[in-house]
Amino acid sequence: MNAVVVRRLGGEDWRTWRRLRLAALADAPAIFHGDPEEERAYDEARWRAWTEDGVKVAAFDADVPVGVAAGRTSTDRTGAVELFGMWVRPEARGGRIAERLALEVVAWARETGHSLVELWVIGGNDSAERVYRRLGFERTGAYEVHPHDPGLRKYVMTRGTRTHR
C-alpha cells in the first residue's frame, strides 16, 4: 500500500463521495442507512449538496478512494457534531485509515466551535467500536433499535464535552 492521503471533499468532489457512499452501502447494507437504488438515482445537484453539507473526508491510496467519513451538526443533539458514514474498503482495512478519517471529522468539529462529537455504532460491530474507543469515544448508554432491523441496536458513543452556544 502507498502512503494514504486523507483530505476533505468539496462540492466538486461529489463523484468521489457518491462512489464511496454507494460502495459502503453495497458492502455493509445493515450498517448504513439508505437505499442503494434510491441513492444511485440521485442527480448531480443532490450529490453536490450532500457533499457540501457538513464535512466529507476521503482517504486515497495512489489517488484511488479507499475510505470515507462524514460529519454534520446534529439537529437532534444540541451542541454536538455527528460522525457518520465511516467506511473503509475491506482490502484497505487494518492500516488505521478509519482512525485518520475520524480524527479529521473531529478536527472539523473543533474548527466549527464544537467540542462534542457523537456517533452511532451497531451492537456487535466490535472492530468499529475498538477504533472509536482508541480515539477516546465512550458509550453513553443511549441506544435505538436499528430502523431496518429490529433485532439490532445502535449505541451512542461520544468524545468531548457539550458546550452551549
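Which residue takes a positive phi in the hairpin of strand 2 and strand 3? In this predicted model, that residue is A62, whose phi is near 55°, and the hairpin has two residues between its strands. The points below begin with this hairpin and its neighbouring strand, then turn to the nonpolar cores, to helix 5, and to a few single residues.

**The hairpin and the strands around it**

- Strand 2 (55-61) and strand 3 (64-73) are linked by a loop that holds D63, and the two strands run antiparallel, joined by seven bridges.
- At the end of strand 2 that leads into the hairpin, D61 has V64 of strand 3 as its bridge partner.
- D63 has a positive phi of about 70° although it is not a glycine, and this residue is exposed, with a relative accessible area of 70%.
- Strand 3 also pairs with strand 4 in the antiparallel sense, here over six bridges, and within this part of the structure G67 stands opposite V88 of strand 4.
- Strand 3 is mostly covered, since seven of its 10 residues are buried.

**The nonpolar cores**

- The largest nonpolar core has 30 residues, and those with the most contacts inside it are L83, I97, L101, Y132 and F137.
- Two or more residues of this core come from each of strand 1 (4-9), strand 2, strand 3, strand 4, helix 4, strand 5 (116-122), helix 5 (126-134) and strand 7.
- Helix 4 provides the largest share of this core, namely eight residues.
- Apart from this core lies another one, of 19 residues, which includes W14, W17, L25 and Y42.

**Helix 5 and what surrounds it**

- The buried residues of helix 5 are A128, E129, V131 and Y132, and because they cover an arc of only 155° around the axis, they lie on the same side of helix 5.
- Among the elements that cover these buried residues are strand 4, helix 4, strand 5, strand 6 (138-146) and strand 7.
- Y132, when its neighbours within four places in sequence are left aside, is in contact with L83, M86, L119, V121, F137 and M157; of these partners, L83 and F137 are, like Y132 itself, listed among the residues with the most contacts inside the largest nonpolar core.
- Just after helix 5, G136 takes a positive phi of about 95°.

**Single residues to look at**

- T158 lies in strand 7 (residues 149-160), and it counts as buried because its relative accessibility is 16%, which is under the 20% limit for that term.
- Leaving aside its neighbours within four places in sequence, T158 is in contact with L116, V117, E118, G136, F137, E138 and T140, and one of these partners, G136, is the residue with the positive phi just after helix 5.
- R96 is found in the loop between strand 4 (80-88) and helix 4 (97-111), where its phi is near 65°, a positive value in a residue other than glycine.
- With a relative accessible area of 48%, R96 is partly exposed, whereas D63, in the loop between strand 2 and strand 3, is exposed at 70%.

Definitions and conventions. Residues are numbered from 1 along each chain as its sequence is written. This is a predicted model: local features need pLDDT of at least 70, side-chain atom pairs count only at pLDDT 80 or more; totals for chains, interfaces and linings use all residues. Side-chain values use heavy atoms; hydrogens and water are left out. Helices (H or I, at least four residues) and strands (E, at least two) are DSSP runs, numbered from the N terminus. Buried means under 20% relative accessible area, exposed over 50%, partly exposed in between (1.4 Å probe, protein chains only). Contact means heavy atoms within 4.5 Å. A nonpolar core is a set of buried Ala, Val, Leu, Ile, Met, Phe, Trp, Tyr and Cys residues joined through side-chain atoms within 4.5 Å. Two strands pair if DSSP finds at least two bridges between them. The arc is that of the directions from the helix axis to the C-beta atoms.
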